[in-house]
Amino acid sequence: MTKVAIIGAGPCGLSALRSFEQAEKNGEKIPEIVCFDKQEDWGGLWNYSWRTGSDQYGDPVPNSMYRYLWSNGPKECLEFADYSFDEHFGKPIPSFPPRAVLYDYILGRVKKGNIKSKIKFNTSVTNVSYVNSNFEVTYRDKKNDKISKDIFDYVIVSTGHFSVPFIPEYPGMKSFPGRIMHSHDFRDAEEFRGKNVVVLGSSYSAEDVALQCHKYGAKSVTIGYRHNPMGFKWPKGMKEVFHLDRLEGNKAIFKDGHVQEADAVILCTGYLHHFPFISEDLKLKTGNRLYPPMLYKGVVWQNNHKLMYLGMQDQFHTFNMFDCQAWFARDVIMGKIKVPNDSEIEKDINKWVSMEEKLENPEQMIDFQTEYTKELHDLSDYPKINFELIRKTFKEWEHHKVENIMTYRNKSFASPVTGSVGPIHHTPWEEAMDDSLKTFLNK
Ligand code: FAD
Ligand code: NA7
């Protein structure tokens, strides 16, 4: 019997498990599946952990999410086609839920069947190599400190790429008297109440960590961008300045001459695609981009079609794109989709990569990833979902952010699955301090 290893039980790994479950429900004979996750429970980054550094077994903690994290995009854009928010919550809910609500939704879809029984928790995959036309997968049962090896026909890598921080060094860091940390270790903005905070970076983490610190009472927040500023209309107490030059004592000195006293520096400098467990010939090497190279349809490893990567793109689209990838991977594995010859594959990858390299602004990037997801969607029986509405919603969301970065999360959108419109939330985001599911769902 064909054996498939799925590495990671975050949203991507769960999409893969769900895709096989759906095929089985349709009466198809599915391969034997073993999923490995190094955490003690499922949900990937959405499974909040207070831990930073390493866990009780000496393994690096993958989690990068923090308290008070509200979705940074409309939930309608990530909705599962086969499991709507209305179905899970029994009613329409507002468009920007906090982490706990999305976590509940992700798990709702996979809890009912026997998916969980296929996952080995507390199990780190430590090596994947291709030997004699099979994959050898080595894994460590962390609780019992036991190493085992199994043979698989296919491997799906769904280990995420926002877990291993990229940590640069600036002059003066060694003698800085305050705290220096990466956003990967950020857990609770309350820690920075009354403090002068310097945030480095100009992408999603910089934007959100800076806003969180401001919202939960930081004295000042200064964001240092390296190339382009985010350029939002920041509220009083926040500003954006050009590139950190050095730290001198507790002062942050920027290249535009700006000097800021700092109690803490938070490096929102992104993450590494880091796969220390995969042999060199199978390892994806890429920065955080919308179309990583060497992946046919963004999924199948160019040099070995039995190896798949899910969710390795930079992301506008998330959960439903992961689903489209998973359904595609499943159909390749089950022989329903034939991978073309090498030159066709190369042509297809080059086409997408060269389009990606020409993208100039967020609207074009949204269009690009929507086209990519739509193309994948058409290749499998993943249920119908209105990608044109998702495209429109993403673009409106971008405009709302430019209009007012403090209020974009108070807007509501229509579901691409059921058409129902999310109600306006009872508390504007700026005043909503409690991120629990109970408070969010209460009238
Ligand atoms: P992950 O969620 O990272 O899951 C990967 C899993 O693989 C983990 O459970 C990990 O334990 C496991 N794993 C890793 N290595 C191994 C190994 N060697 N052996 C065994 N198991 C392993 N997306 C949104 O749609 N909306 C948001 O609001 C949003 N906010 C975000 C905020 C932050 C701070 C971050 C970092 C990301 C955010 N994202 C958001 C994007 C996020 O990447 C996706 O939502 C999603 O979690 C990606 O799923 P994944 O399965 O690819 O990876
Ligand atoms: P991203 O989106 O990969 O962005 C990384 C940011 O880090 C980007 O703005 C980079 O600036 C910046 N960067 C990288 N190196 C440096 C140095 N040396 N100095 C200053 N700035 C630097 O990662 P995020 O963590 O923001 O987002 C990841 C996910 O988390 C995302 O999906 C969200 O949903 C939440 P550049 O643009 O190259 O000038």
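Colleague: Of the 32 residues around ligand 1, which come nearest?

Modeller: This is a predicted model, and what follows should be read in that light. Helix H1 (11–25), strand S4 and helix H5 each supply at least two residues of the shell around ligand 1. Within that shell of 32 residues, those that come nearest are Cys12, Asp37, Leu45, Val125 and Thr318.

Colleague: Which element gives the most to the shell around ligand 1, and with how many residues?

Modeller: H1, S4 and H5 are the elements to weigh here, since each of them supplies at least two residues of the shell. The one that gives the most, with three residues, is S4.

Colleague: How much of the area that ligand 1 exposes when taken alone does the protein bury?

Modeller: Oxygen atoms of ligand 1 have polar partners in the protein: a backbone N or O atom of cysteine 12 lies 2.9 Å from one such atom, and a backbone N or O atom of leucine 45 likewise lies 2.9 Å from an oxygen atom of the ligand. The side chain of aspartate 37 also takes part, with a polar atom 2.7 Å from an oxygen atom of ligand 1. Taken alone, ligand 1 exposes 990 Å², and the part of that which the protein buries is 92%.

Colleague: Is serine 124 buried or exposed?

Modeller: Serine 124 has its place in strand S4, and, leaving aside residues up to four places away in sequence, it touches Lys38, Asp59, Thr138, Tyr139, Arg140 and Lys142. Its relative accessibility is 7%, and the cut-off for the class lies at under 20%, so serine 124 counts as buried.

Colleague: In the hairpin of S4 and S5, which residue takes a positive phi, near 50°?

Modeller: Strand S4 (residues 123–131) and strand S5 (residues 134–141) pair in the antiparallel sense over eight bridges, and tyrosine 130 stands opposite phenylalanine 135 of S5. Two residues lie between the strands of this hairpin, and the residue there whose phi is positive, near 50°, is asparagine 132.

Colleague: What share of its own accessible area does the protein cover in the case of ligand 2?

Modeller: Ligand 2 has 17 residues around it, of which Tyr170, Ser203, Ser205, Arg226 and His227 come nearest. A polar side-chain atom of serine 203 lies 2.6 Å from an oxygen atom of the ligand, an N or O atom in the side chain of arginine 226 is 2.7 Å from an oxygen atom of it, and a polar backbone atom of tyrosine 204 is 3.3 Å from one. On its own ligand 2 has 790 Å² of accessible area, and the share covered by the protein is 79%.

Colleague: How many of the twelve residues of H4 are buried?

Modeller: At 1.5 Å a residue, the twelve residues of helix H4 (residues 204–215) should span 16 Å, and the end C-alpha atoms are indeed 16 Å apart, which agrees. Its cover includes strand S9 (196–200), strand S10 (220–225), strand S11 (238–242), strand S15 (264–267) and helix H8 (387–403). Among the buried residues of H4 are Val209, Leu211 and Cys213, and the number buried is ten.

Colleague: Which residues of S10 are buried on the side opposite to Ser220, Thr222 and Gly224?

Modeller: S10 pairs with S9 in the parallel sense over five bridges, and asparagine 196 stands opposite serine 220. In a regular strand the side chains alternate between the two faces of the sheet. Six of the six residues of S10 are buried, and with Ser220, Thr222 and Gly224 on one side, the buried residues on the other are Val221, Ile223 and Tyr225.

Colleague: Against which helices do the buried residues of H7 pack?

Modeller: The 17 residues of helix H7 (residues 362–378) should span 24 Å at 1.5 Å a residue, and the end C-alpha atoms are 24 Å apart, which agrees. The buried residues of H7 include Ile366, Phe368, Tyr372 and Leu376. Those that the buried residues pack against are helix H5 (319–333), helix H6 (342–357) and H8.

Colleague: How far apart in space are valine 421 and serine 95, C-alpha to C-alpha?

Modeller: Valine 421 lies in the loop between H8 and helix H9 (437–441), where, not counting residues up to four places away in sequence, it touches Pro92, Ser412, Phe413 and Ala414. Valine 421 and serine 95 are 326 residues apart in sequence, whereas in space their C-alpha atoms are separated by 8.6 Å.

How values were computed
Residues numbered from 1 in each chain as written. Chains lettered and ligands numbered in written order. Predicted model: local features only at pLDDT ≥ 70, side-chain atom pairs only at ≥ 80, totals over all residues. Heavy atoms only, no water. Helix = DSSP H or I, 4+ residues; strand = E, 2+ residues; numbered from the N terminus. Expected span 1.5 Å × (residues − 1). Buried < 20%, exposed > 50% of the residue type's maximum accessible area, 1.4 Å probe, protein only. Contact = heavy atoms within 4.5 Å. Pairing = 2+ DSSP bridges. Near = heavy atom within 4 Å. Polar contact = N/O pair within 3.5 Å; in protein donor to acceptor, adjacent residues only side chain to side chain. Areas by Shrake-Rupley, 256 points an atom, 1.4 Å probe, with all protein chains shown as cover.
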